[in-house]
Amino acid sequence: MDVYKIQGQKRLQGTIKVSGAKNSAVALIPASILANSKVTIEGLPEILDVWTLKSLLEEIGGQVSFEDGTMSIDPTAMIDMPLPNGNVKKLRASYYLMGAMLGRFKKAVIGLPGGCYLGPRPIDQHIKGFEALGAKVTNEHGAIYLRADELRGAKIYLDVSSVGATINIMLAAVLAKGQTIIENAAKEPEIIDVATLLTSMGASIKGAGTNVIRIDGVEELHGTEHTIIPDRIEAGTYMIMAAAIGDGVTIDNVIPLHVEPLTAKLREMGVEVQELEEKIHIPKVESMKPVDIKTLVYPGFPTDLQQPFSVLQTQAIGTSVVTDTIYTARFKHIAEFNSMGAKGKVEGRTSIINGPTPLTGATVVASDLRAGAALVIAGLLAKGETEIHDIYHIERGYSNIIEKLKKLGAGIDRVSLSEVVTKEEK
Ligand SMILES: CC(=O)N[C@H]1[C@@H](OP(=O)(O)OP(=O)(O)OC[C@H]2O[C@@H](n3ccc(=O)[nH]c3=O)[C@H](O)[C@@H]2O)O[C@H](CO)[C@@H](O)[C@@H]1O
Ligand SMILES: C=C(OP(=O)(O)O)C(=O)O
């Protein structure tokens, strides 16, 4: 088992390049199931979720190659193989196999998804959508069984603007007969990216990125080539890192509009954010004012950035509050911060941090992906050595993080725990 070892307080400087968006990648790859010939996706991040999806597509008979960020998927020999266990449990987004396989084969058996535990993460809106399209859906021993004689377009109102449900219904509806209308759809940029891929495969989708999406079903979808959008959450993580411990850091390959809610909050804290065309530069920060955050669906402040952002709150002069309206239990990082010297507490869906407090290196555990990213930032800021365990969470979402941070001058290494124990015993 490997851990990250961080030697803190080294100032970061230079340029860091953002990879393709995880939350697009995990939907674009399953979308290829719907094509009748080869789909090529460029700019994919080298993260565990992408590798796991590659294996899943291979399990159902896909011919898949993945090199230098480009994945080529030949879906022609795929079959409707049941996937009740195994790889589907390793990531949240395996739920997209439901929509894509239902769309292509009119049946699928997919285990309930894994991914980060952030409180209950139901998929009732996905199922409501599949049922509205004519599928019979049952949950048998933790696997979802879907079957339809045919899929017919329908009007579906989402009770919550769910990213996953919006994309999953699009995947199931593109080959359905007639028109599907998704109301109260989510508006995240990743939804537009998936709609762009499906459209270039021959689908007819209007309104992606607004809260009403109209899909006119087509007979078949063909192969295509697509370049993924940059990861706004990875970009945001590095913007926060730059504000925390940077001496002038440029974040390259970012769409400034996608990180606007973070930019606004950083500016409110007194951080200078310089927006260039596809880059953002953050000069050295002298001091930070406390700000409160409320996470909301896009274009509100993303829940996926509240944990990394909280590191800045430990350094701001005063009290800051985070309210997560999306997830009930996304605060496990606070106890880890406190073990490094922070003064934070959690009350229901809210964390309250009193700053500024110097941070000291400690052995900490990444409870989930963004808690892990937050601990990397805290470790870079802290005095002494920080050891982060359960780094597989971090590697589900951050492509080549060690190499990228080393290039900025960070003291960070991925070390095998047996090496750590042996050295300490000596
Ligand atoms: C792979 C992926 O893209 N993951 C992202 C996606 O997750 P995910 O697609 O799981 O998140 P959703 O947008 O679906 O969830 C938002 C909220 O709706 C609730 N809900 C969702 C579906 C449903 O059927 N019923 C229901 O009640 C959830 O519990 C949550 O409170 O969007 C989240 C919110 O931006 C991000 O944190 C995740 O990084
Ligand atoms: C919660 C996240 O991912 P997932 O939905 O894949 O668990 C995330 O990316 O922060």
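Which helices each supply at least two residues of the shell around ligand 1? Keep that question in mind while you open the model, which is a predicted one, and begin with the division of the chain.

**The two domains**

Colour residues 2-19 together with 230-425 as domain 1, and residues 22-227 as domain 2, following the domain assignment of the chain. Their centres, taken over C-alpha atoms, are separated by 30 Å, and the contact between them takes 20 residues from domain 1 and 17 residues from domain 2. On the side of domain 1 that touches domain 2, select helix H12, residues 392-395, which gives the most to that side, with 3 residues. Taken by class, this side of domain 1 has 7 nonpolar, 7 polar and 6 charged residues.

**Ligand 1**

Now select ligand 1 and display the 20 residues around it, of which Asn-23, Gln-125, Ser-162, Val-163 and Gly-164 come nearest. The opening question can be settled here: helix H1 (22-31), helix H4 (124-132) and helix H5 (163-173) each supply at least two residues of this shell. With the domain colours still on, you can see that the shell draws at least three residues from each of domain 1 and domain 2. Its residues divide by class into 10 nonpolar, 6 polar and 4 charged.

**Ligand 2**

Move next to ligand 2 and select the residues that surround it, namely Lys-22, Leu-91, Arg-92, Ala-93, Gly-115, Cys-116, Asp-304, Leu-369, Arg-370 and Gly-397. By class, the shell around ligand 2 holds 4 nonpolar, 2 polar and 4 charged residues, and for this ligand, too, at least three residues of the shell come from each of the two domains.

**A four-stranded sheet**

Finally, display the open sheet in which 4 strands follow the order E4-E5-E3-E13, with mixed pairing. Strand E4 (63-67) and strand E13 (224-227) stand at the edges with a single partner strand each, so one side of each is left without a neighbour in the sheet. Direction ignored, neighbouring strands of this sheet are turned by 10 degrees against each other on average.

To look at one pairing in detail, select strand E3, residues 39-42, which pairs with E13 in the parallel sense over 4 bridges; within this pairing, Val-39 has Thr-224 of E13 as its bridge partner. Then add helix H2, residues 48-59, which lies across E4 and strand E5 (70-74) and runs at about 160 degrees to E4.

Technical notes. Residues are numbered from 1 along each chain as its sequence is written. Chains are lettered from A and ligands numbered from 1 in the order in which they are written. This is a predicted model: local features need pLDDT of at least 70, side-chain atom pairs count only at pLDDT 80 or more; totals for chains, interfaces and linings use all residues. A residue is near a molecule or strand if its C-beta atom, placed from the backbone, lies within 6 Å of it. Ala, Val, Leu, Ile, Met, Phe, Trp, Tyr, Cys and Pro count as nonpolar, Asp, Glu, Lys and Arg as charged, and the others, Gly among them, as polar. Domain bounds come from an automatic or database domain assignment. Two strands pair if DSSP finds at least two bridges between them. Axes are lines fitted to C-alpha atoms, for helices over the stretch in contact, and angles run from 0 to 180 degrees between N-to-C directions. Two residues are in contact if their C-beta atoms, placed from the backbone, lie within 7 Å.
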